[in-house]
Amino acid sequence: MTAKEQKQRLKEIKKFNAKKYKEYNKNQRRKRAPESEYVTKMADNDNIIEFDDLKTYFYTDIGTVKAVDGVSFEIKRGKTIGVVGESGCGKSVTSLSVMGLLQGPTGQVAGGSIRFNQVGKNRAVDLTKLPVKEYEKIRGNEISMIFQEPMTTLNPVFTIGDQLMECIALHNPNMKKKDIEARALETLEMVGIKRDGMLDLYPHELSGGMRQRVVIAMALSCNPQLIIADEPTTALDVTIQAQILDLLRELKDKINASIMLITHDLGVVAEMADYVVVMYAGRIVEQGTADDIFHHPAHPYTIGLMKSKPMLGEHVDRLYSIPGNVPNPINLPEHCYFKNRCEMCVDKCEGAYPELISLSETHKVSCYLRENEVKGEN
């Protein structure tokens, strides 16, 4: 591309982005929206949330980054779903799309829907169309999130009590101060903290495990229906990791919540998840029950992930590493995104991106190799 062509391309990108920013800002300025715009119906009323062809893009100066590009899956009420994949595959962006925490106008939901089942209100809403005022009633209340790093999640200049009680007071405006404080202490007790004077302490006065428990307490303080846990055990030692996972499992059953667990750690997924979604370059390449994914992996990428994890009691000189690099999200190929790294390619992989096919009632994969097997061609 010549310098002149490059300049023209950047000019077109800038013009396109300006149009997207204008549309975003116009929607953000809307004070009210009729319920008919965002009230919807669930495909299955047993689901707490349904992702339907979700597309989340970032409109940058050098092009559109398709961070999440057509993701569809659901989470059953009371179940835990694990979302796994390499860094940059779209896991965290998917969770931020649910919480409405994308950095707009650069980051926007460009298409699809996220249907959330408000069981208490006997209705479902499309989170991608929800007005800001309505979102504020749901976020931190019916849907909560445990962020990756507790030290950056907690504000260092406010006490634990200030931060925990703020969340409770925001969603319970009629609650008295003494009741808010009692609820905060009750929530801390739920996560195993019974220390006197805990509400008056600052984050730096606590260990990493204690801070993570406080973050979990904040997420649980309003009894959410859906908990999004984004790498909840990152930066914690193995013993504390096990305690945190046991705690999450116990609390999920206690308040009958669903969990969307985002992690790189396949061991955590195997222990916690009922269902697993494997993402690569913004798309789902495989999904199924934990048994399907761990004992019968079908996509070459999933097989590579399984081969790359260390095995207890097995000695190897060097762990397996998937060759190559993730494709540029600004200029994604038309064919399968994993093709150039795949060691199991077939001729058909040169064609269009493969659709998700069902290997069983619970197991789906996006791979031509498995399509051929299903059809009995190989």
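What follows is a chat between a visitor and a guide about a predicted model.

Visitor: Let's start with Q287. What makes Q287 count as buried?

Guide: Its relative accessibility is 4%, and buried means under 20%, so Q287 qualifies. The residue sits in strand β11.

Visitor: Which residues does Q287 touch?

Guide: Leaving out residues up to four places away in sequence, Q287 touches S72, F73, Y275, V276, V277, I293, L356, T362, H363 and K364.

Visitor: What makes the pairing of Q287 with Y275 a polar contact?

Guide: The distance between the two side chains is 3.3 Å, and the cut-off for a pair of N or O atoms is within 3.5 Å. There's another partner for the side chain of Q287: one of its polar atoms lies 3.5 Å from the backbone oxygen of S72.

Visitor: On to A281. What is notable about the phi of A281?

Guide: A281 has a positive phi of about 50 degrees, and it is not a glycine. Most residues other than glycine have a negative phi. You'll find A281 in the loop between β10 (275-280) and β11 (283-289).

Visitor: Is A281 buried or exposed, and how do you know?

Guide: Buried. The relative accessible area of A281 is 10%, and the limit for buried is under 20%, so the label fits.

Visitor: And N122, why is that one called exposed?

Guide: Because N122 reaches 72% relative accessibility, and exposed means over 50%. N122 lies in the loop between β5 and β6 (123-126), and N122 also has a positive phi, near 55 degrees, without being a glycine.

Visitor: How do you know that the peptide bond from G104 to P105 is cis?

Guide: Look at omega, which is near 5 degrees for that bond. Most peptide bonds are trans. As for location, P105 is in the loop between α3 (91-99) and β5.

Visitor: What makes you say that both faces of β7 are covered?

Guide: I143 and M145 are on one side, S144 and I146 on the other, and all of them are buried. That fits the general pattern, where side chains in a regular strand alternate between the two faces of the sheet.

Visitor: How do you know that β7 and β8 pair?

Guide: Count the bridges: β7 and β8 (residues 226-230) share four, in the parallel sense, and pairing takes at least two. If you want one to look up, M145 has I228 in β8 as its bridge partner.

Visitor: β7 also borders a pocket. Which elements supply at least two residues each to the lining of the second largest pocket?

Guide: Those are β7 (143-146), α6 (160-171) and α8 (208-220), with α6 giving the largest share, six residues. The volume is about 670 Å³. Of the 21 lining residues, G140, F147, E166, C167 and M218 lie nearest the centre.

Visitor: What is the lining of the second largest pocket made of, by class?

Guide: It has 11 nonpolar, six polar and four charged residues.

Visitor: And what about the largest pocket: what are its volume and its lining?

Guide: The largest pocket has a volume of about 970 Å³. It is lined by 32 residues, with Y24, N27, Q28, T128 and L130 nearest its centre. Two or more lining residues come from each of α1 (3-28), β5 (107-118) and α4 (132-138), and β5 has the largest share with six. By class, the lining of the largest pocket has 12 nonpolar, 10 polar and 10 charged residues.

Methods:
Residues are numbered from 1 along each chain as its sequence is written. This is a predicted model: local features need pLDDT of at least 70, side-chain atom pairs count only at pLDDT 80 or more; totals for chains, interfaces and linings use all residues. Side-chain values use heavy atoms; hydrogens and water are left out. On a 1 Å grid over the protein atoms alone, a cavity is a set of points where a 1.4 Å probe fits but cannot get out, and a pocket is an open set with protein on both sides within 12 Å along at least five of seven lines; lining residues have an atom within 4 Å of a point. Grid points are joined across faces, edges and corners, and a volume is the space filled by probe spheres set on the points. Ala, Val, Leu, Ile, Met, Phe, Trp, Tyr, Cys and Pro count as nonpolar, Asp, Glu, Lys and Arg as charged, and the others, Gly among them, as polar. Buried means under 20% relative accessible area, exposed over 50%, partly exposed in between (1.4 Å probe, protein chains only). A polar contact is a pair of N or O atoms within 3.5 Å; within protein, one must be able to donate a hydrogen and the other to accept it, and residues adjacent in sequence count only if both atoms are side-chain atoms. Contact means heavy atoms within 4.5 Å.
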